[in-house]
Amino acid sequence: MAEAHQAVAFQFTVTPEGIDLQLSHQALTEIYRSGLRSWKKRIIRLKNSVITGVYPASPSSWLFVVIAILATMYTRSDPSMGLIAKIQEHLPVSQSMSTQCQTVVSAVLFSTLLWLLLIFTMRLCLKQLLSYHRWIFEQHGKMSTTTKVWVALVRIFSGRKPLLYSYQGSLPNLPVPAIKDTLKGFLESVRPLMDDTQYERMTMLAGEFESRLGNRLQWYLKLKSLWASNYVSDWWEEYVYLRGRSPIMVNSNYYGMDFLYVTPTPIQAARAGNTIHAMLLYRRKLNREELKPSRVPGTVIPLCAAQCERMFNTTRTPGEETDIVQHWQDSDYVAVYHRGRYFRLRVYQAGRLLSPREIEFQIQKILDDPSPPCTGEAKLGALTAGDRIPWAQARSKYFGSGINKRSLDCIEKAAFFVALDDDEQGMMGDDPSGTLDRYAKSLLHGKCYDRWFDKSFSVVIFKNGKNGINAEHSWADAPVIAHLWEYVVATDCFQLGYNSEGHCKGDVDPSLAEPQKLTWKILPECEEQISQSLAVAQALADDIDFHVISFRDFGKGKIKKCRVGPDAFIQVALQLAYFRNRKTFCLTYEASMTRLFREGRTETVRSCSNESSAFVKALVGGESADVCRRLFRAASEKHQNLCRMAMTGAGIDRHLFCLYVVSQYLGVESPFLKEVLSEPWRLSTSQTSIQQVELFDLVNHPEYISCGGGFGPVADDGYGVSYYIVGESLINFHISCKHSCPDTGAHKFGAQITKALHDLLELMSPGQKEPSKSEESRPEVKKNL
C-alpha cells in the first residue's frame with residue numbers, strides 16, 4: 001500500500017555485495033517536521049505552565065521586583081531588613097566571586113522569594129474573594145456596596161489577559177454542607193411527593209440517620225475535602241458514569257444539532273472539511289490556552305476549566321468492573337467511518353494543519369472508495385453501544401494483540417471520531433416536525449453501529465450536508481461540548497465559508513498521503529458478540545420516543561417582561577405539563593453547574609417544590625387569577641433560590657451521594673441513604689444557553705441558530721427534557737421517553753408543555769394580547785457562503 005511505503009524512512013536489502021541502504025528523503029522530512037511540531041507544542045505548553053503558575057502576577061513582574069530591590073540597595077537602604085546579608089552568609093559560592101557579586105546574587109534570591117510570596121498572597125486573596133457568593137443572591141439590578149467593592153477587588157487581583165487555566169489555582173474548593181441543612185432541604189423537597197404517613201416515616205429515617213451514622217460519615221467527607229480539591233467530582237465520575245454496566249448509548253451519551261434553518265453547503269465532503277478543520281483550530285487554541293476563561297454570564301467571575309483538558313485525544317475504555325477514561329497528549333489524525341469501513345485520516349502534512357479544501361479532498365476519497373468492509377467490520381461499532389461487560393471481555397479477548405489491537409488503537413487514540421452518514425437529515429420536506437425528530441434520534445443513537453460511542457465525541461456528517469455531534473458524558477458535561485460546537489458552527493459559516501459551488505476554499509497539495517483503511521481479523525465468535533451487542537442496542541434505540549419542538553410563539557423576551565427568570569418560568573411550566581399529563585407530581589432533576597469551584601461539575605436542583613406544586617394545584621383547580629399569580633411568584637422565586645443554592649455548593653444530592661459512597665467504603669448500611677438514592681428521576685431536565693453570543697448575529701441573521709441538543713430518559717417511565725433558549729423569541733425543546741411505558745408519550749408531553757407555556761404567559765400578562773401560534777415549522781433554507 002502506498003501509505004505504508006510513505007511511512008518507511010529507510011529500507012535496506014542484504015546482497016552478496018553487502019547491505020544496500022535506501023533512504024527516503026520525503027519520509028525523513030516528514031519525521032523532522034512532525035518532531036519540530038511536537039517540540040513547538042512542548043515549548044508552548046511549558047511557557048503556558050509558567051504563566052499560569054505565577055498568575056495573577058506575570059513573569060515580567062519578577063524583573064520589576066529585582067530591579068526595585070537592587071535600586072533600593074543602590075541608595076544604601078536595606079529593604080530586606082538584614083535578610084540579604086543572612087543569605088549572603090550562607091551562600092555556597094566559590095572564593096573567586098567578589099563581595100559585590102555575592103551581594104547582587106543574594107539580592108536576586110531575596111527578590112525571587114519576595115516575588116513568590118507576593119504571588120502566593122495575591123492568589124490567596126483572589127481565592128478568598130472568589131469564595132464570596134452573596135452577589136448571586138442579590139436582586140437583579142440592585143448591587144450592594146459590599147458587592148461593588150468586591151467586584152473592584154476581583155478585577156484588581158485578576159490581573160491582565162488571563163489564559164484558559166489561569167484561574168484554576170485560585171478557585172475555592174467545594175464546601176461540604178452541614179448535615180442538618182442537607183436533611184432539612186431534602187425533607188422539604190419530598191414533601192409534595194408524599195402523603196402524611198410517608199412523610200412522617202421519611203422524617204423519622206432522616207432523624208435516625210442524623211443522630212447515629214450521619215456525623216461519622218460527615219467527618220470522613222470533611223477530611224476528604226481538606227485533602228482533595230473537590231470532594232465530589234472523582235466519585236461522581238467513577239460511580240455515576242464509569243461503573244455503569246448498561247449501554248452508554250442513549251443512557252449516558254447526548255447530542256448537539258446543526259443550524260435549524262440553514263445548511264451552508266449540500267456537499268457532504270465539503271461540510272466535513274470545514275467542520276474537521278474548525279475542530280482542530282479549536283484544539284490548537286485549547287492547547288495554547290488562547291481561549292478566554294469561561295465566566296458567569298454578565299460578570300467577571302471565572303468558571304473552572306478543568307473539564308476542557310480531556311476534550312480531544314480521549315476515549316472511554318471498557319472494563320469488567322469499571323471503565324477508565326484514557327487521554328493522550330496529542331494526535332495528528334482523526335478516525336473516519338463510512339459504510340462499515342474505518343479509516344485513519346491524517347490532518348497534518350509536514351507539521352502543517354491541512355486546509356479545509358485538502359480535508360474535503362481526502363474525505364471525498366473515502367466516500368469514493370469502493371472497497372468492501374473486512375469480515376465482521378461493518379457493525380463493529382455496536383460493541384460500544386451494547387452492555388459494557390461483554391464489550392470489555394471482547395476487547396480483552398479479540399483486540400488485545402495483533403492487527404486488531406493496532407486498528408483499535410488507531411480509533412481510540414484519534415483526535416476525535418467522524419461518521420460519514422449515508423442518510424439525509426434535518427428539518428425538511430412536508431413533515432418538518434417528523435424529520436426533526438428523526439434527526440434527533442439519528443444523532444442520539446444512529447444505526448447503533450455507525451458511531452463510536454466510547455470516543456469523547458463523534459462528529460456526524462450527513463449526506464445532505466447537515467452535521468451534528470454525539471458526546472460521551474463521563475469526562476465532561478454538556479456546556480463544555482456546547483462551547484466547542486458553537487465555535488465550530490460559527491467558524492464553519494462565518495470565517496471559513498464555501499465557494500460559489502459549495503466546496504471549501506483553498507488549494508490542494510497533490511502529495512497528500514491517501515487515507516489509510518484500517519484492517520481487521522474478526523473471528524466468528526467475535527462476530528457473534530457483535531450481533532448480541534447490536535441486538536441489545538437496537539432494542540434500546542427502538543424503544544426511544546423522541547420529539548423536538550421549535551417553540552417560536554414567544555421566548556425569553558416576553559418572559560422577562562413578566563418579571564420572571566426564563567429558567568424558572570420554563571421549570572414551573574414543566575411541572576404544570578407533567579401534572580396534567582400524569583395527574584401527579586414527581587421527583588424532578590434539573591442540572592446546575594458548580595464550576596464556581598475547582599473541578600466542579602454539576603448539582604441537582606429539585607424543581608418540584610412545595611411552592612410549585614401549590615401553584616399547579618391552584619391553577620388546575622380553578623383558583624382566581626390573583627391567587628395563581630401570587631403562588632406563581634412564590635414558585636419562581638423558590639426555584640431561583642434553589643438554583644443559587646446549588647451553584648454555591650449548598651445543594652442536596654451530591655452531598656447525600658458522597659455520604660452514601662463513604663458508607664459503602666465503611667461497610668455500613670443506612671436505610672435512609674439507600675431509600676434516597678433509589679428514588680427514580682421521572683422528569684430529568686437540563687437547560688442550554690448560548691455561551692459565545694459574540695459569534696452569532698441573531699438580529700441580522702436569525703436563521704443561523706442551532707436547535708440545541710438532547711439526551712435520553714433517565715427513568716423507564718419518565719421523560720428527559722432539554723431546552724435551548726435562543727435569542728429573545730425562540731425556545732427549542734428536546735423531549736424523550738420510552739415507547740414501552742404506556743403512560744408516557746413524547747408528542748403528548750410536548751403538547752402539554754406548549755399549552756403550559758401559553759397558559760403561564762396569559763396568566764402573568766393578562767393585559768397583553770397573546771400572539772397567534774406560528775406555523776409548525778419554517779422551510780429549510782440552504783445557503784452557500
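1. Cys-448 is a suitable place to begin: with a relative accessible area of 0%, this residue is buried. The model under discussion is a predicted one. Cys-448 sits in the loop that connects α14 (432-445) with β12 (457-461). The backbone at Cys-448 deserves attention, since its phi is positive, about 75 degrees, although the residue is not a glycine. As a general matter, most residues other than glycine have a negative phi, and most peptide bonds are trans.

2. A second positive phi occurs at Arg-563, where the value is near 60 degrees in a residue other than glycine. Arg-563 belongs to the loop between α17 (556-561) and α18 (566-582). The surroundings of the two residues should be read side by side: Arg-563 is exposed, with a relative accessible area of 69%, whereas Cys-448 is buried at 0%.

3. One peptide bond should also be inspected. The bond from Tyr-55 to Pro-56 is cis, and its omega is near 15 degrees. Pro-56 is placed in the loop between α2 (25-54) and α3 (59-74).

4. The next points concern charged pairs. In general, side chains of opposite charge can pair when their charged atoms come close. The count for this model comes to 38 salt bridges. One of them joins Lys-638 to Glu-188, with the closest N and O atoms 2.5 Å apart. Lys-638 lies in helix α20 (residues 625-647) and Glu-188 in helix α7 (residues 179-190), so this pair ties together parts that are 450 residues apart in sequence. The partners are covered to the following extents: Lys-638 has 17% relative accessibility and counts as buried, while Glu-188, at 28%, counts as partly exposed. Lys-638 is classed as buried because its 17% falls under the 20% limit.

5. Arg-316 and Asp-323 form another salt bridge, in which the closest N and O atoms are 2.7 Å apart. Arg-316 counts as buried at 1% relative accessibility, and Asp-323 counts as buried at 2%. This pair also takes part in a network of salt bridges, which links Arg-245, Arg-316, Asp-323, Arg-388, Asp-454 and Glu-472. A reader viewing the Arg-316 and Asp-323 contact is therefore advised to display the other members of the network as well, including Arg-245 and Glu-472.

6. A further salt bridge connects Arg-352 with Glu-358, the closest N and O atoms being 3.0 Å apart. Arg-352 counts as partly exposed, at 34% relative accessibility. Glu-358, in contrast, is buried, with a relative accessible area of 3%.

7. The final point concerns strand β17. How many of the residues of strand β17 (residues 602-606) are buried? Five of the five are buried, so the strand is largely enclosed by the rest of the structure. The cover extends to both faces of β17: Thr-602, Thr-604 and Arg-606 are buried on one side, and Glu-603 and Val-605 are buried on the other. Strand β16 (residues 588-593) runs antiparallel to β17 and is joined to it by five bridges. Within this pairing, Ala-591 stands opposite Thr-604 of β17.

Conventions. Residues are numbered from 1 along each chain as its sequence is written. This is a predicted model: local features need pLDDT of at least 70, side-chain atom pairs count only at pLDDT 80 or more; totals for chains, interfaces and linings use all residues. Side-chain values use heavy atoms; hydrogens and water are left out. A salt bridge is a side-chain nitrogen of Lys or Arg within 4 Å of a carboxyl oxygen of Asp or Glu. Helices (H or I, at least four residues) and strands (E, at least two) are DSSP runs, numbered from the N terminus. Buried means under 20% relative accessible area, exposed over 50%, partly exposed in between (1.4 Å probe, protein chains only). Two strands pair if DSSP finds at least two bridges between them.
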